[in-house]
Amino acid sequence: MLNDTMVMAPVAPGEPEKRIRDRSATEKAILNAAKALLAEEGFQNFGINAVARRAGCDKQLIYRYYGGLNGLVEAIGADLGTWVKDRIPEDTGGMFLLTYGDLMERLSLLFLEALRDDPLMRRIVAWEVSENTEQVRRLSEARSKALSVWLDRMRGSLTPPKGVDTAAINAILFAAIQHLVLSAAAGGQCAGLPLKNAKDWEKAALAVKRIVRGVYG
């Protein structure tokens, strides 16, 4: 176990252990270990001792830097804001956002890709519909808030077509994307639609675009 601000640096098998005296590195190692543990095993085996073992640090450092397990969950929630910023960038990637439909197409496709690439976020989405615990609510609220902030910033003066209930439409759209990704991770398909290779996902993305354009133009 490491003391104070020491954290193990990754080493190749057979090499002596290397240690870095750096509080920020220790905090990052703890946070990354906690996220990895959640993604792999969920909350059932999520505890101070398990996180400390994964991070290679003394468990007292988790209390010192995060105040315990609840503080660590809060830190993971805060990190979800960074997830949105990193995975769903505010630049348009060369796409001109002239209409609200452009915006929602961009956000939907980025969300689809980001969710496919992140096992922890898929876990959080699955927990949202299966577990009603305080920890899950914190993570869910953090994720929803980060997406909402992104949308508000990007929307600017863009307005949806009159008479469209955007809250209902967007909720159903994102629920569909989430279900596609979770079903693909579990069984490689969704309602008979294969979701195993790049060509399958191109079909899914095209369907998402057509739905968005059908509603928002």
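## Exercises on a predicted model

Helix 4 covers residues 69-87, 19 residues in total, and spans 26 Å from first to last C-alpha, close to the 27 Å expected at 1.5 Å a residue. The model is predicted. The exercises below start from this helix and then move to other parts of the chain.

### Exercise 1. The overall layout

Task: State how many helices and strands the protein has, and in what order they run.

Solution.
- Step 1. Count the elements: there are nine helices and four strands.
- Step 2. Read them from the N terminus: β-β-α-α-α-α-α-α-α-α-β-β-α.
- Step 3. Look at burial. Of the 217 residues in the protein, 42% are buried.
- Step 4. Look at contacts with a separation of 6 or more. Residues 24 or more positions apart account for 64% of them.

### Exercise 2. Helix 4 and its surroundings

Task: List the buried residues of helix 4 and find what covers them.

Solution.
- Step 1. Pick out the buried residues. They are Leu72, Val73, Ala75, Ile76, Gly77, Asp79, Leu80, Trp83 and Val84.
- Step 2. Find the cover. It includes helix 1 (23-41), helix 2 (48-55) and helix 3 (59-66). Helix 5, helix 6 (119-128) and helix 7 (134-155) are also among the covering elements.

### Exercise 3. The nonpolar core

Task: Find which residues have the most contacts inside the largest nonpolar core, then trace the contacts of Phe46.

Solution.
- Step 1. Take the core as a whole. It has 65 residues, and Ile30, Phe46 and Ile88 have the most contacts inside it.
- Step 2. Ask which helix gives the most. Helix 5 (residues 100-117) does, with nine residues.
- Step 3. Follow Phe46, leaving out residues up to four places away in sequence. Phe46 touches Ala34, Leu37, Leu38 and Val51, and also Leu69, Leu72, Val73 and Ile76.
- Step 4. Compare with the burial list for helix 4. Leu72, Val73 and Ile76 are on it.
- Step 5. Turn to helix 2. Its buried residues are Ile48, Ala50, Val51, Ala52 and Ala55. Just after this helix, Gly56 takes a positive phi of about 70°.

### Exercise 4. Arg23 in helix 1

Task: Is arginine 23 buried or exposed, or something in between, and what does its side chain contact?

Solution.
- Step 1. Place the residue: arginine 23 lies in helix 1.
- Step 2. Check accessibility. The relative value for arginine 23 is 41%, so it counts as partly exposed.
- Step 3. Find the side-chain partner. Arginine 23 makes a polar contact with the side chain of glutamate 27, at 2.8 Å.
- Step 4. Look across the sequence. Leucine 61 is 38 residues from arginine 23, yet their C-alpha atoms are 9.6 Å apart.

### Exercise 5. The largest pocket

Task: Describe the lining of the largest pocket and the setting of asparagine 170.

Solution.
- Step 1. Give the volume: about 360 Å³.
- Step 2. Name the residues closest to the centre. Among the 15 lining residues, these are Leu147, Leu151, Asn170, Ala171 and Phe174.
- Step 3. Assign the lining to helices. Helix 5, helix 7 and helix 8 (166-187) each supply at least two residues. Helix 8 gives the most, with seven.
- Step 4. Focus on asparagine 170, which lies in helix 8. Its relative accessibility is 11%, so asparagine 170 counts as buried.
- Step 5. List its contacts, again leaving out residues up to four places away in sequence. Asparagine 170 touches Tyr100, Met104 and Tyr216. With the side chain of tyrosine 100, the side chain of asparagine 170 makes a polar contact of 3.1 Å.

### Exercise 6. Three loop residues

Task: Locate proline 160, alanine 191 and asparagine 197, and describe each one.

Solution.
- Step 1. Proline 160 lies in the loop between helix 7 and helix 8. Proline 160 is partly exposed, at 29%. Beyond four places in sequence, proline 160 is in contact with Tyr100, Thr166 and Tyr216.
- Step 2. Alanine 191 sits in the loop between strand 3 (189-190) and strand 4. Its phi is positive, about 50°, although alanine 191 is not a glycine. At 82% relative accessibility, alanine 191 counts as exposed.
- Step 3. Asparagine 197 lies in the loop between strand 4 (193-194) and helix 9 (198-216). A polar atom of its side chain lies 3.1 Å from the backbone nitrogen of lysine 199. For the backbone nitrogen of aspartate 200, the distance to a polar atom of the asparagine 197 side chain is 2.8 Å.

Note on methods. Residues numbered from 1 in each chain as written. Predicted model: local features only at pLDDT ≥ 70, side-chain atom pairs only at ≥ 80, totals over all residues. Heavy atoms only, no water. Core = buried A, V, L, I, M, F, W, Y, C linked by side-chain atoms within 4.5 Å. Buried < 20%, exposed > 50% of the residue type's maximum accessible area, 1.4 Å probe, protein only. Contact = heavy atoms within 4.5 Å. Expected span 1.5 Å × (residues − 1). Polar contact = N/O pair within 3.5 Å; in protein donor to acceptor, adjacent residues only side chain to side chain. 1 Å grid on protein atoms, 1.4 Å probe; cavity = no way out; pocket = protein on both sides within 12 Å on 5 of 7 lines; lining within 4 Å. Points joined across faces, edges and corners; volume = space filled by probe spheres on them.
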